Amino acid sequence: MNGRPSRRGFLLGAAALALPIRVRAEAAFAPSAATLARPAAPIRDANGLQMRDGDGSPRQIDEFAGKIVVLSLWGPWCLPCRREMPSLARLADRLDPGRAVVLPLAFDWRGAAGVRRFYRETAITNLPILVGEGDNLKAVLGIENLPTTVLLNATGQMIARVEGEAHWDDDATLDWISGLG
């Protein structure tokens, strides 16, 4: 993963952008994140993850020290990512902001502009714009596939992961995340 899509990724992304996104089912039929969650093995330190916000300023995981971080690794061109993002936005509203935070880290060749467009199209207003670099993601967390969501403990250690599309704002997932701190 080098930040640019493969031919297959480009074609899938183009197809996803052509689809109507106003469907409200989103990830409602996806399994609960609580049932898909697996312990991280090996446990990795996410503090070396490089991110830039919507203004292009560097951001660090340690800015969220002391909180559980639900770090969603996604791309606006990725259809399963697009379906699950509204449930992550609703999860963010349900979490105690003093204890946990949702950080969607996007991987898109269009940068922050692609994320802004997706947020505008889906009326997501409560999530930050964060953009990462694929090679750094692979080096730090060993992850190449999107969507993947990792949960980080209060010191930035990856303690759990959910691979693939999941439903994030159900009670079971909220209870699971709340019990991690």
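The following paragraphs describe the strands, helices, core, salt bridges and backbone geometry of a predicted model.

Residues are numbered from 1 along each chain as its sequence is written, and side-chain values rest on heavy atoms, with hydrogens and water left out. Because the model is predicted, local features were accepted only at pLDDT of at least 70 and side-chain atom pairs only at pLDDT 80 or more, whereas totals for chains, interfaces and linings use all residues.

Helices and strands were taken as DSSP runs, numbered from the N terminus, with at least four residues of H or I for a helix and at least two residues of E for a strand; two strands were taken to pair if DSSP finds at least two bridges between them. On this basis, eight strands form an open sheet of mixed pairing, in the order β1-β8-β7-β4-β5-β6-β2-β3. The edges are occupied by β1 (38-39) and β3 (58-59), each of which has a single partner strand, so that one side of each is left without a neighbour in the sheet. Helix α3 (residues 79-94) packs on the sheet, where it touches β4 (68-74), β5 (100-106) and β7 (contact meaning heavy atoms within 4.5 Å). The direction of α3 makes about 160 degrees with that of β4, the axes being lines fitted to C-alpha atoms, for helices over the stretch in contact, and the angles running from 0 to 180 degrees between N-to-C directions.

Strand β8 (residues 158-163) pairs with strand β7 (residues 148-152) in the antiparallel sense over five bridges, and β8 also pairs with β1 in the antiparallel sense, over two bridges. Within these pairings, A160 of β8 is the bridge partner of L151 and also stands opposite P39, while E163 of β8 is the bridge partner of T148. The hairpin formed by β7 and β8 has five residues between the strands, and G156 in its turn has a positive phi of about 90 degrees.

R161 is likewise placed in strand β8. With a relative accessible area of 18%, R161 is buried (buried meaning under 20% relative accessible area, exposed over 50% and partly exposed in between, with a 1.4 Å probe and protein chains only). When residues up to four places away in sequence are not counted, R161 touches L36, A37, R38, I143, T148, T149 and V150. R161 also forms a salt bridge with E163, the closest N and O atoms being 3.0 Å apart, where a salt bridge is a side-chain nitrogen of Lys or Arg within 4 Å of a carboxyl oxygen of Asp or Glu. In contrast to the buried R161, E163 is partly exposed, with a relative accessible area of 48%.

A search of the whole structure finds nine salt bridges. Side chains of opposite charge can pair when their charged atoms come close. One salt bridge joins E121 and R82, with the closest N and O atoms 3.6 Å apart; since E121 lies in helix α4 (residues 112-122) and R82 in helix α3, the pair ties together parts that are 39 residues apart in sequence. R82 counts as buried, at 6% relative accessibility, and R82, R117 and E121 are linked in a network of salt bridges. The side chains of R110 and D108 meet in a further salt bridge at 2.7 Å, N to O, in which R110 is partly exposed at a relative accessible area of 27% and D108 is buried at 7%.

The largest nonpolar core has 53 residues, and those with the most contacts inside it are L71, L91, L141 and W168. Such a core is a set of buried Ala, Val, Leu, Ile, Met, Phe, Trp, Tyr and Cys residues joined through side-chain atoms within 4.5 Å. Apart from residues up to four places away in sequence, L91 touches V70, V102, W168, D169, L174 and I177.

Most residues other than glycine have a negative phi, and most peptide bonds are trans. In this model, a cis peptide bond joins A41 and P42, with omega about 0 degrees, and P42 is found in the loop between β1 and β2 (51-53). The peptide bond from L146 to P147 is also cis, with omega near -5 degrees, and P147 is placed in the loop between α5 (134-141) and β7. A123, although not a glycine, has a positive phi of about 60 degrees; A123 lies in the loop between α4 and β6 (130-132) and is exposed, with a relative accessible area of 57%.
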